[in-house]
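I am keeping notes on what I looked up in this entry. The order is the core first, then a helix, the chain contact and a few backbone angles.

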2 protein chains.
Amino acid sequence: MAIIVQKYGGSSVADIEKIKKVAEKVVNCHKNGNKVVVVVSAMGKTTDNLINLAKQITSNPPTKEMDLLLSTGELVSVALLCIAIENLGFEAEGLPGFLAGIKTDNTHTKAKIRTVDTTRIIEELKKGKIVVVAGFQGISAEDSITTLGRGGSDLTAIAIAGAIKAEICEIYTDVPGVFTADPNIVPDARIIPVISYKEMLEMASAGAKVMQSRAVEFAQKYHIPFLVKSTFVDDGGTMVTEVDFKEGAVVSSVALDENQAKITFFNVPDRPGVAAKIFGKLGEASINVDVIVQNVSTHGYTDLSFTVNISEFEKAFEIAKKLGKELKCKDVTSDTNIAKITVIGLGMMNHPGVAARMFKALADSGVNIEMISTSEIKISCIIKKEEGQKALKAVHKEFIK
Amino acid sequence: MAIIVQKYGGSSVADIEKIKKVAEKVVNCHKNGNKVVVVVSAMGKTTDNLINLAKQITSNPPTKEMDLLLSTGELVSVALLCIAIENLGFEAEGLPGFLAGIKTDNTHTKAKIRTVDTTRIIEELKKGKIVVVAGFQGISAEDSITTLGRGGSDLTAIAIAGAIKAEICEIYTDVPGVFTADPNIVPDARIIPVISYKEMLEMASAGAKVMQSRAVEFAQKYHIPFLVKSTFVDDGGTMVTEVDFKEGAVVSSVALDENQAKITFFNVPDRPGVAAKIFGKLGEASINVDVIVQNVSTHGYTDLSFTVNISEFEKAFEIAKKLGKELKCKDVTSDTNIAKITVIGLGMMNHPGVAARMFKALADSGVNIEMISTSEIKISCIIKKEEGQKALKAVHKEFIK
């Protein structure tokens with residue numbers, strides 16, 4: 001008998017009516033002869049409300065206590081979903097993370113899963129029960145409640161699916177799958193039926209908001225296929241799995257990230273160790289640098305630009321200005337009026353000319369490229385923010401049939 | 001170094017401002033050189049809100065899931081109180097019931113504490129931390145989250161105090177102690193400084209709403225003295241402990257219970273087994289019978305009256321009417337217009353004449369007695385409901401100086 005792991009996010013269990021509908025879906029899967037393990041997030045705004053309570057005491061609450069506080073949100077969803085399942089006449093067993101065997105390290109608010117002990121889950125499945133597990137949480141070797149950080153419930157589901165050797169892990173969310181581009185901007189965008197882990201990872205860093213990288217990385221590492229699907233719409237769905245690059249689409253999707261900011265050092269001394277110093281300092285401050293471009297050196301000096309997420313821009317610019325003085329640069333400037341457009345596709349690896357087609361599509365629609373960054377399976381261009389949506393449509397039209 | 005267990009009820013942690021004040025009290029106790037273990041209830045209306053969510057799914061939610069659901073309320077209080085304590089510069093360790101070693105049986109929604117394993121609590125105290133424990137909850141041998149029922153947090157505090165051999169257990173609440181009578185009715189009522197477990201137990205069953213019997217019974221059984229005191233008023237407090245009846249007040253308190261209803265069987269055949277049949281049937285339906293009075297038998301028939309709590313009256317009256325037919329009684333009647341007035345005092349045991357003084361005080365103020373029930377240390381009279389408050393004042397004046 002197949003084991004299926006289903007994960008329902010906060011918007012899928014946002015109120016009692018939705019919880020009842022989720023219970024029906026879960027029960028249907030069970031009635032179809034599957035053993036079902038369900039992972040749930042906290043209801044809608046619960047986590048925000050709990051954070052707000054803590055912030056009324058201090059703006060910087062201790063992480064260990066925040067974990068204990070936030071872990072309650074998922075427990076409420078678990079209990080209510082179990083009640084709804086039992087109300088339909090089926091047996092359910094609700095398990096907090098620690099009883100579901102989710103063992104983590106002790107890094108509070110962003111703990112890493114170390115092991116998943118599936119003894120209890122399997123025991124309850126054998127009794128014919130539907131097992132409902134609290135996502136996002138675990139317990140450390142120090143016997144302290146931990147949480148897994150953003151996207152943590154996806155991670156819980158994928159880790160359990162891997163440990164229990166589930167047939168499939170279904171990630172239910174409020175979108176009907178992974179799109180070739182944001183359908184709010186590109187009306188022609190369509191759902192990608194199958195995509196590789198690698199492409200999903202590039203999409204996450206390209207600013208597509210489907211899933212956090214950590215859950216995808218975990219699935220890739222342990223070869224756990226998963227399906228991204230809408231909770232309340234039956235059609236659609238994107239299967240994320242191992243795909244041979246020879247079979248992959250040349251370009252599977254196009255993404256626009258409007259939350260970027262650029263910082264430029266003018267006339268940096270072009271000598272060894274300068275870049276290391278700049279990006280070392282930024283790394284120490286936990287700032288994630290995205291696209292980096294360095295010009296050809298002239299007379300021993302060069303210009304160096306990089307982008308960061310807008311949320312980290314102010315901190316990064318402060319550090320950059322200080323470094324600029326130390327390094328005796330001519331100037332350090334910033335530009336928050338930019339966007340990043342990215343094409344992603346496994347097939348790029350054996351189809352040359354993708355970059356040229358992308359640049360031509362941008363040029364034909366009058367979009368100027370400021371910076372370029374590439375990997376094996378993606379090409380990103382930094383452009384003016386106001387040209388972002390136009391660029392997305394043009395590039396999508398060029399590649400997605 | 002002395003260990004002090006403090007328990008704060010739901011009204012003491014009802015909002016963030018109150019939680020901050022509780023944190024100050026806890027920290028002061030710690031600064032005075034004590035090792036402090038704090039037990040907290042859920043914030044104000046949290047439990048009611050959670051019950052309400054479950055009732056939106058079904059009017060009769062399964063008890064195991066209700067326990068998981070309700071246990072989250074205390075966890076939120078624990079986390080917030082820890083944050084508030086750490087914000088004052090002191091280290092805190094917040095523990096859910098299962099990490100605090102509260103092992104219970106598997107009777108969901110009213111589990112009994114089997115053992116308290118204090119290893120973890122002691123470990124954290126040794127590190128110099130203030131330990132904050134979630135009241136009302138534990139874990140069963142089946143590894144299922146349980147709750148202890150009404151008054152469960154008091155029970156948690158007293159059980160921990162007993163297991164850890166605390167110097168004292170302080171029960172903080174919204175009243176400044178145990179009164180000689182309800183001060184809302186009797187303005188002269190005053191706080192009793194010391195009272196015995198036995199008297200506290202009689203008070204609970206007399207309708208005084210200070211504490212549930214279970215916690216007091218537990219304290220009595222394991223000889224754990226505790227102090228009932230107001231969270232936000234410094235004065236007052238009632239010590240509940242072993243008191244020799246020779247030292248006890250003749251009457252320590254007077255209580256009025258207006259939530260009583262009376263059922264009377266007229267002309268019951270007076271033969272062996274009839275009372276057993278009536279109270280057996282009521283017992284099977286989990287109805288608690290309070291005062292029972294049976295008249296002298298005439299011609300082989302008698303009248304039998306008993307009282308129940310008003311909340312169980314309808315169920316009890318249904319059963320009584322059926323039994324009345326079976327037993328061929330002349331009639332079965334009911335009266336919800338009654339109240340119970342009780343005087344309690346250890347000293348009664350060696351001071352005869354208390355009953356006579358009580359009956360005279362009632363008679364002098366024109367109150368008619370319908371039923372009487374006594375134990376070693378209490379006398380209860382059933383009277384008309386509208387005479388309850390007058391009776392309470394008269395009897396209080398007679399006994400309490």
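**Core.** I started with the largest nonpolar core of this predicted model, which has 244 residues. Those with the most contacts inside it are A:Val38, A:Leu81, A:Val132 and A:Ile160, together with B:Val38, B:Leu81 and B:Val132. As background, I note that nonpolar side chains in soluble globular proteins tend to be buried together.

I then listed the neighbours of A:Val132, leaving out residues up to four places away in sequence. A:Val132 touches A:Val38, A:Val40, A:Val78, A:Leu81, A:Cys82, A:Ala92, A:Glu93, A:Gly94 and A:Leu95.

**Helix H3 of chain A.** H3(A) covers residues 63–87, 25 residues in total. I compared its span with expectation: 37 Å from first C-alpha to last, close to the 36 Å expected at 1.5 Å a residue. H3(A) is mostly covered, with 22 of its 25 residues buried. A:Gly89 follows the helix, and its phi is positive, near 95 degrees.

**Chain contact.** How many residues does each chain put into the contact? I found 26 residues from chain B and 26 residues from chain A. On the chain B side, helices H1 (16–31), H2 (46–55) and H3 (63–87) each supply at least two residues. H3(B) gives the most to that side, with 14 residues. By type, the chain B side divides into 17 nonpolar, five polar and four charged residues.

I also checked which surface each copy uses. Of the interface residues of chain B, 100% are also interface residues in chain A, so the copies meet through the same surface.

**Symmetry.** Chain B can be laid on chain A with an RMSD of 0.0 Å, using a turn of 180 degrees and a shift of 0.0 Å along the axis. I record this as the relation of a two-fold axis. In chain B, B:Thr72 has the C-alpha nearest the axis, 2.7 Å from it.

**Domains.** For chain A, the domain assignment gives domain 1 (3–174) and domain 2 (254–399). I have their C-alpha centres 38 Å apart.

**Positive phi outside glycine.** I noted two residues here. A:Asn267 has a positive phi, near 55 degrees, and its place is in strand S13 (residues 253–269) of chain A. A:Asn267 is partly exposed, with 18 other C-beta atoms within 10 Å. B:Asp143 has a positive phi, near 60 degrees, and lies in the loop between strand S7 (137–140) and strand S8 (145–147) of chain B. B:Asp143 is partly exposed, with 13 other C-beta atoms within 10 Å.

How values were computed
Residues are numbered from 1 along each chain as its sequence is written. Chains are lettered from A and ligands numbered from 1 in the order in which they are written. This is a predicted model: local features need pLDDT of at least 70, side-chain atom pairs count only at pLDDT 80 or more; totals for chains, interfaces and linings use all residues. Two residues are in contact if their C-beta atoms, placed from the backbone, lie within 7 Å. Helices (H or I, at least four residues) and strands (E, at least two) are DSSP runs, numbered from the N terminus. Ala, Val, Leu, Ile, Met, Phe, Trp, Tyr, Cys and Pro count as nonpolar, Asp, Glu, Lys and Arg as charged, and the others, Gly among them, as polar. Copies are superposed by least squares on the C-alpha atoms of residues with pLDDT of at least 70 in both. A nonpolar core is a set of buried Ala, Val, Leu, Ile, Met, Phe, Trp, Tyr and Cys residues joined through C-beta atoms within 7 Å. A residue is buried if 20 or more other C-beta atoms lie within 10 Å of its own, exposed if 12 or fewer, and partly exposed in between; C-beta atoms are placed from the backbone. The expected span of a helix is 1.5 Å times one less than its number of residues. Domain bounds come from an automatic or database domain assignment.
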